[in-house]
Amino acid sequence: MSTEAPTSMETETVASETKLESNTLPPKPKFEPLKAHEMSDGRIQFRKVSVPPHRYSPLKKYWMDIYTPIYEQMKIDIRMNLKARKVELKTRSDTPDVSNLQKCADFVQAFMLGFDVPDAIALLRLDELYVESFEIKDVKTLRGEHLSRAIGRLSGKGGKTKFAIENATKTRIVIADTKIHILGSFANIKIARDSLCSLILGSPAGKVYSKLRQVTARLAERF
């Protein structure tokens with residue numbers, strides 16, 4: 001009996017070892033992240049942004065401020081096609097991320113809509129920023145002097161109302177005739193848009209300010 005016991009123990013341990021070996025998985029393969037040109041099978045990707053006539057002079061003036069971050073930091077090629085009147089962007093072999101191309105296109109588009117370069121450049125730095133556009137007629141159909149008064153209410157005396165909404169909601173607003181463009185995060189755009197819609201519908205500025213104070217105080221508590 002004493003001689004048989006160790007042999008049975010040995011067979012059990014050998015069996016358990018073989019089971020463990022069979023259960024162990026091969027090591028995980030490690031894949032290097034693909035470059036931008038490799039993701040599209042080596043094809044170069046393009047984006048084109050139209051330049052409206054009234055943005056030619058500002059584009060010429062601030063060209064180097066736009067060109068430098070796009071070419072040097074985002075590693076995207078950029079040029080102005082004078083014949084087609086478009087700003088053309090394309091990926092390079094050393095572009096670190098394929099999403100950089102779309103970010104640059106959004107940055108140039110924001111500049112064309114009328115945003116300043118320091119404000120629009122935030123689109124390159126942060127992922128959760130958007131530009132939302134709407135027209136006054138989308139909120140309420142206004143004509144003639146009623147439309148002019150609505151635009152005046154949105155801006156306020158010397159742009160006071162617009163700046164107050166911008167500072168309270170951490171957004172940037174461009175009022176171009178009847179079109180309104182808002183740059184900011186999703187939640188902040190919603191607050192700014194609600195305030196602007198109230199002004200278009202005829203609310204006095206004082207009422208909008210007090211509502212903004214309540215909303216921003218609530219946001220500050222949340223964060």
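Which helix holds threonine 169? The residue is found in helix H10, which covers residues 160-169. Keep that position in mind; this walk returns to threonine 169 later. The model is a predicted one.

Start with some background on sheets. Strands of a sheet pair through backbone hydrogen bonds, and the pairing is either parallel or antiparallel.

Now look at the sheet built from E1, E3 and E2. Its 3 strands run in the order E1-E3-E2, and the sheet is open. The pairing is antiparallel. Strand E1 (46-50) and strand E2 (76-81) form the edges, and each of them pairs on one side only. From one strand to the next, the twist averages 20°.

Zoom in on one pair. E1 meets strand E3 (residues 86-91) in the antiparallel sense, over 5 bridges. Find phenylalanine 46 there: its bridge partner in E3 is lysine 90.

Helices pack on this sheet too. Helix H4 (residues 63-73) touches E2 and E3. The direction of H4 makes about 150° with that of E2. Helix H5 (residues 99-113) also packs on the sheet, touching E1, E2 and E3. The direction of H5 makes about 5° with that of E1.

Move along the chain to another sheet. Here 3 strands form an open sheet in the order E4-E6-E5, again with antiparallel pairing. Strand E4 (129-135) and strand E5 (172-176) stand at the edges. Each has a single partner strand, so one side of each has no neighbour in the sheet. Neighbouring strands here are turned by 15° against each other on average, direction ignored.

Again, take one pair. E5 and strand E6 (residues 179-185) pair in the antiparallel sense over 5 bridges. Isoleucine 175 stands opposite isoleucine 180 in E6.

Back to threonine 169 in helix H10. Is this residue buried or exposed? Its relative accessible area is 2%. The cut-off for buried is under 20%, so threonine 169 counts as buried.

What does its side chain reach? The side chain of threonine 169 comes to the backbone oxygen of isoleucine 165 at 2.6 Å. It also makes a polar contact with the side chain of threonine 171, at 2.7 Å.

Which residues does threonine 169 contact beyond its neighbours within four places in sequence? They are Asn188, Ile191, Ala192 and Leu212.

Methods
Residues numbered from 1 in each chain as written. Predicted model: local features only at pLDDT ≥ 70, side-chain atom pairs only at ≥ 80, totals over all residues. Heavy atoms only, no water. Pairing = 2+ DSSP bridges. Helix = DSSP H or I, 4+ residues; strand = E, 2+ residues; numbered from the N terminus. Axes fitted to C-alpha atoms, helices over the stretch in contact; angles between N-to-C directions. Contact = heavy atoms within 4.5 Å. Buried < 20%, exposed > 50% of the residue type's maximum accessible area, 1.4 Å probe, protein only. Polar contact = N/O pair within 3.5 Å; in protein donor to acceptor, adjacent residues only side chain to side chain.
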